[in-house]
Amino acid sequence: MLNNKKPLTLCEKILSTHLTDGVLENEKEIGIRIDQTLTQDATGTMAYLEFEAMNIPSVKTELSVAYVDHNTLQNGFENADDHLFIQSAAEKYGLYYSRPGNGICHQVHLERFGVPGKTLVGSDSHTPTAGGLGMLAFGAGGLDVAAAMAGMPYYITMPKIIKVELTGVLPAHASAKDVSLKLLQILGVKGGVGYIIEWGGEGIKTLSVPERATITNMGTELGATSSIFPSDDRTREFLKAQGREKDYISIAADDNATYDRIIKINLSEIEPMVACPHSPDNVKSVDEIGEIKVDQVCIGSCTNSSIIDLERAASILDGRVASPGVSLTISPGSKQVLTMISQNGTLSKLLNSGSRILECACGPCIGMGMSPNSGGVSLRTFNRNFYGRSGTRDAKVYLVSPEVAAASAINGVLTNPKKYSDDLERAGRAIPENFTINDAFIIAPHSEEKRKSIELLRGPNIKGLPTAEKLGKKLRLEVSLKVEDNITTDHIMPAGGKILPFRSNIPKLSEFCFQVVDDAFSKRAKEMGNSCIIGGDNYGQGSSREHAALVPMYLGVRAVITKSFARIHKANLINFGILPLCFENPLDYEKVRNDSVVEIEITERNIIVKIDGEHIPVIYEFTDRQWDILKAGGLLNYIGNH
């Protein structure tokens with residue numbers, strides 16, 4: 001525990017009241033009591049299959065919500081069947097169920113369920129969006145979320161804490177998205193690994209909750225464990241407008257709290273920024289890049305689909321028409337947002353500009369439709385621009401603010417919205433005094449008695465859970481794949497409209513594993529039986545999708561040796577019984593060939609690795625709990641043994 005006399009950071013305050021195991025010291029494993037969980041449908045089916053396997057009759061959290069927002073493109077029966085399964089699981093186990101069309105999980109959770117000072121874990125890497133409301137929220141694999149629903153602690157390594165201190169006021173033509181991109185320019189996609197990012201300073205008072213949520217959403221792209229703002233008068237303002245003022249508490253860091261690093265950003269100096277292909281940290285200013293031709297503009301996603309985002313975009317588009325060469329789409333973040341922009345005239349402005357209005361869902365962000373033209377330039381207000389994620393491999397995807405997106409759509413080239421400052425000044429940044437509230441698309445939990453008679457609805461595409469073998473003392477593994485730095489979960493287990501419908505069918509899904517990198521991987525790994533993957537730095541960055549570990553496990557991958565791992569992916573590998581190891585000397589990566597043989601010997605807590613007969617020192621940092629999970633062949637087996 002912490003010394004009560006020590007001034008505490010905001011994160012330490014929340015962690016100290018939720019600590020179940022361990023001590024709040026850097027690099028130590030801690031267990032945290034989780035108040036709320038969320039799932040979305042791309043990860044939810046598997047999470048509820050895992051929860052079912054735990055034989056627990058009801059969720060044990062204060063509140064859990066199942067959202068449908070990813071797999072909403074229904075080309076066949078698969079997605080619809082998954083939605084029915086998730087709805088039946090919510091009804092059986094006591095969750096709220098947000099129906100298709102109600103909105104993106106992070107936007108809706110912010111509107112209707114998030115509570116300051118509470119903990120949240122979700123099977124989506126952008127769950128820290130709720131940090132904009134003063135929640136301590138974590139993205140995790142579905143199995144970790146299932147365990148949290150079962151009342152088990154969520155385990156992380158105690159992070160260090162970066163404070164980002166904001167001063168000044170954003171210029172009219174700049175936005176919260178630009179603040180996020182500025183921090184990505186400073187820290188890079190690995191700069192937040194092992195850290196929670198806590199936002200403070202006088203400048204935060206100028207940012208509304210939706211703007212704060214944009215910033216905490218983008219913290220995921222830094223590799224951060226979480227991101228959080230204090231809960232203050234702006235938080236109360238938002239909750240009151242949502243009819244939820246009773247959920248408000250004030251919580252902030254102590255004045256003299258100690259941080260591991262402090263970064264200062266003057267909002268008054270922020271300029272419109274762009275993340276260039278193919279990484280969120282490849283950041284330059286709009287003016288640096290110049291007037292590149294634009295083919296597509298997509299406004300929306302869990303990062304930028306609030307009513308403020310759409311009203312500010314509409315202020316630029318109002319009375320103007322998108323360039324003839326630009327395809328412009330708008331995805332409202334929730335049914336609430338769509339209802340309100342239809343009531344206040346914003347929707348008409350967007351329609352009259354030539355926008356194509358998509359449903360309230362993730363849509364193009366996860367490759368679910370709206371792939372760009374061949375070699376096209378797409379400006380997106382999203383959080384990721386990884387290679388191939390859009391569905392068009394040779395597309396060039398740039399991440400921008402809604403203001404840059406709208407200005408560029410009108411002009412047909414990348415455009416600084418500074419020329420529309422007068423329109424943006426008039427639009428302002430204020431949230432509505434009262435949001436339109438209609439929770440008809442959220443199904444509340446049934447009574448405990450009614451839940452007993454509910455059966456889970458399984459379509460033919462929903463297959464059983466594969467399980468890993470127990471970890472033996474000696475492994476002889478051929479290398480099935482060697483990849484470079486910054487391999488994302490989109491590389492390992494792609495998304496998109498053709499692949500996502502098979503998330504509950506692991507045998508079929510396995511055919512697409514590493515397809516972006518090597519079409520022959522799946523077949524080769526199956527033929528090898530047991531194998532090893534070799535990776536570079538930051539292996540597994542991006543999404544929390546556990547399928548990027550589950551599917552390789554199904555294909556016989558027993559170990560992954562890299563220069564370094566992304567946090568969530570390493571945890572997912574352990575959860576599915578795959579041994580994650582790091583080269584002690586990164587130069588040893590160069591010694592490994594595509595046809596190398598890896599021999600691993602495990603004695604007690606020691607691991608010896610030979611590659612092609614040569615001893616290669618490796619780093620492995622496992623707690624006793626993680627060792628036991630690996631030896632059991634994954635978390636489900638471990639839970640079954642306890």
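Asp518 is partly exposed in this predicted model, with a relative accessible area of 21%. That puts Asp518 just outside the buried class, because buried means under 20%. Its salt-bridge partner is Arg524, which is partly exposed too, at 24%.

Here are three of the salt bridges, with the gap between the closest N and O atoms:

| Pair | N to O distance |
|---|---|
| Arg524 and Asp518 | 2.7 Å |
| Asp490 and Arg389 | 2.9 Å |
| Asp485 and Lys563 | 3.9 Å |

Take Asp490 and Arg389. Asp490 sits in helix 16, while Arg389 is in the loop between strand 18 and strand 19, so to speak a long-distance link of 101 residues along the chain. Both Asp490 and Arg389 are buried.

Now for Asp485 and Lys563, which meet in a salt bridge of their own. Asp485 lies in the loop between strand 21 and helix 16, and Lys563 in the loop between strand 23 and helix 20, so the pair ties together parts 78 residues apart in sequence. Asp485 is partly exposed at 38% relative accessibility, and Lys563 is partly exposed at 23%.

Salt bridges can also join up: Arg244, Lys246 and Asp247 form a network. The full count is 33 salt bridges.

Then there's the largest pocket, with a volume of about 980 Å³. Its lining has 42 residues, and Glu27, Thr157, Arg567, Lys570 and Glu621 lie nearest the centre. Helix 20 gives the most to that lining, with 7 residues. Strand 8, strand 24 and helix 21 each supply at least two. By class, the lining has 21 nonpolar, 10 polar and 11 charged residues.

Notes
Residues are numbered from 1 along each chain as its sequence is written. This is a predicted model: local features need pLDDT of at least 70, side-chain atom pairs count only at pLDDT 80 or more; totals for chains, interfaces and linings use all residues. Side-chain values use heavy atoms; hydrogens and water are left out. On a 1 Å grid over the protein atoms alone, a cavity is a set of points where a 1.4 Å probe fits but cannot get out, and a pocket is an open set with protein on both sides within 12 Å along at least five of seven lines; lining residues have an atom within 4 Å of a point. Grid points are joined across faces, edges and corners, and a volume is the space filled by probe spheres set on the points. Helices (H or I, at least four residues) and strands (E, at least two) are DSSP runs, numbered from the N terminus. Ala, Val, Leu, Ile, Met, Phe, Trp, Tyr, Cys and Pro count as nonpolar, Asp, Glu, Lys and Arg as charged, and the others, Gly among them, as polar. A salt bridge is a side-chain nitrogen of Lys or Arg within 4 Å of a carboxyl oxygen of Asp or Glu. Buried means under 20% relative accessible area, exposed over 50%, partly exposed in between (1.4 Å probe, protein chains only).
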